[in-house]
Amino acid sequence: MGAASSFHTNLVQKSFATPDSSKSPDKCQLDTVDLGGGISVTKTTFQPGWKWSECIKPSVGTETCGNYHVGVCISGKLAVSFPDGTEFEVGPGDGFVIPPGHDGWVVGDDPAVMYEIKAEPIAPGTVWVKKSFEAADSSKNFEKCALATLDLGAGISVTRATYQPGWKWSECIKPVAETDLCGKCHVGVCGSGVVHVVSGETEVDIKADDGYVIPPNHDGWVVGEEACVTFDFEVFEVPAIEAAEPPAAGEGESGVVATEGETPAADQSTPAEEAAPASSDVTSSPEEAKVDVNEPKADESKEGEPKIEESKEGEVKTEESKEGEAKTEESKEGEVKAEESKEGEAKTEESKPEEAAAVTSEETVAADEPAAAPATSEG
């Protein structure tokens, strides 16, 4: 049963014939079995002529029913209405969610029988839902077994399992599951027939009108020649029901019930849907708007990446330029040394005539005089 029943390790079986609590208002019988861990199931039987505003309202003193109902209809029909004008019926094979603030009455001459679950994760909301197992959200067929599941929104679902005579988990499901025992935890009620369950050293027959908890690692099989029908509830720890989205067209009926002082919200049962179709567009949420605003920045970042690469290439070129400048400096230093070398050679050449002059001063004087004469005439 998801988060709400993950703690269950013991097999629990309780009969509505011996309930933990009972109430008998006018034309109505409520029997409740406590399955432990904050989970209970109530079987409610409404007699023909029952109406909440006539049979219950005088004793509770409120204008509408303040209870929150999640369950399945086994037989009969019940009409439900809200102050905003919303009205619908639930009948045999329907799963439902009925929020507080409603009236209800039996339709026809047959009693209306319901199984309702209460669990700690279920928080009252304003969304009503009605779906039929004949148009289930999902279905699976195994050997001698058929499963139909209704998604009631906000983490709540109910599965109707129909086991044919001769069905046994270890023979019909084990070859497919490839495990020795069933690894699921089942929390629900038996609508008809008998199934024998073995869990560890405990064995019980779960019969019609029994509430049960079957922990993981069990085997089970149908007893007798009658098909066994069970209803398993899945409840997960999620926000209140009003956070759920209504099912798409063709998947059942649902709507939002307006509370006091509010304008009725759009749903399939009121004309307000035509008045404000844009308000139901779930693609215009603030979170998505923020995503749209930020997307161009991601593109700008991508455009900036080539610039970063160009910058890196420029840094490489700069490094190469610096290396070239260093080589140029070295070249200049070499040229300076070469000039100094030439000057040294020139000085060496100049020193040779002086040595010659030291040997014959007269020849040097004679040689100097012709060189001075041209200089004088130029001046």
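Which residues touch the most other members of the largest nonpolar core? Keep that question in mind as you open this predicted model, and let us start with the whole view.

**The overall picture**

Show the full chain as a cartoon: the protein has seven helices and 21 strands. Colour by burial, and 34% of the 379 residues count as buried. Switch on the surface, and its accessible area comes to about 21,900 Å², with 51% of that belonging to carbon and sulfur atoms. As for contacts between residues at least 6 apart in sequence, 65% of them join residues at least 24 apart.

**The nonpolar cores**

Now for the opening question. Select Leu35, Val70, Ile117, Ile122, Leu152 and Val158: of the 30 residues in the largest nonpolar core, these touch the most other members. Strand β20 gives the most to this core, with four residues.

Next, centre on Val70. Setting aside neighbours within four places in sequence, Val70 is in contact with Phe96, Val97, Tyr115, Glu116, Ile117, Ile122, Leu152 and Ile156. Then move to a second, separate core of 19 residues, where Ile56, Cys65, Phe82 and Ile98 are included.

**Aromatic rings**

Six aromatic pairs turn up in the whole structure. For one of them, select Phe133 and Phe231, which form a tilted pair, 5.9 Å centre to centre with 45 degrees between the planes. Phe133 belongs to the loop between β11 (127–132) and β12 (138–142), while Phe231 is in strand β20 (residues 228–235), so the pair links parts of the chain 98 residues apart. Both Phe133 and Phe231 are buried.

Now pick Phe82, Phe88 and Trp128, which form one aromatic cluster. Two other rings have a lysine for company. The charged end of Lys51 sits over the ring of Trp105, 5.0 Å from the ring centre. The charged end of Lys168 sits over the ring of Trp221, at 4.6 Å from the centre.

**A hairpin to zoom in on**

Select β6 (residues 77–81) and β7: the two strands run antiparallel and are joined by four bridges. They form a hairpin with five residues between them, and Gly85 in the turn has a positive phi of about 100 degrees. Across the strands, Ala79 stands opposite Glu89.

Show the side chains of β7 (residues 87–90), and you will see them alternate. Phe88 and Val90 point to one face and are buried, whereas Glu87 and Glu89 point to the other and are not.

**Leu30 and its surroundings**

Jump to strand β3 (residues 28–36), where Leu30 lies. Is Leu30 buried or exposed? It falls in between: its relative accessible area is 25%, so Leu30 counts as partly exposed. Beyond neighbours within four places in sequence, its contacts are Ser21, Ser22, Lys23, Pro25, Thr42, Lys43 and Thr44. Add Phe16 to the selection: Leu30 and Phe16 are 14 residues apart in sequence and 9.5 Å apart in space, C-alpha to C-alpha.

**Two backbone stops**

Most residues other than glycine have a negative phi. Asp209, not a glycine, has a positive phi of about 70 degrees. Find Asp209 in the loop between β17 (202–207) and β18 (210–214); with 23% relative accessibility, Asp209 is partly exposed.

Finish at Asn217, in the loop between β18 and β19 (218–222). Asn217 also has a positive phi, near 65 degrees, in a residue other than glycine. Its relative accessible area is 48%, and Asn217 is partly exposed.

Methods:
Residues are numbered from 1 along each chain as its sequence is written. This is a predicted model: local features need pLDDT of at least 70, side-chain atom pairs count only at pLDDT 80 or more; totals for chains, interfaces and linings use all residues. Side-chain values use heavy atoms; hydrogens and water are left out. Rings of Phe, Tyr and Trp (its six-membered ring) pair if their centres lie within 6.5 Å; planes under 30 degrees apart count as stacked, over 60 as edge-to-face and the rest as tilted. Buried means under 20% relative accessible area, exposed over 50%, partly exposed in between (1.4 Å probe, protein chains only). A charge sits over a ring if NZ of Lys or CZ of Arg is within 6 Å of the ring centre and within 35 degrees of the ring normal. A nonpolar core is a set of buried Ala, Val, Leu, Ile, Met, Phe, Trp, Tyr and Cys residues joined through side-chain atoms within 4.5 Å. Contact means heavy atoms within 4.5 Å. Two strands pair if DSSP finds at least two bridges between them. Accessible areas come from the Shrake-Rupley method with a 1.4 Å probe; for residues, only the protein chains shown count as cover.
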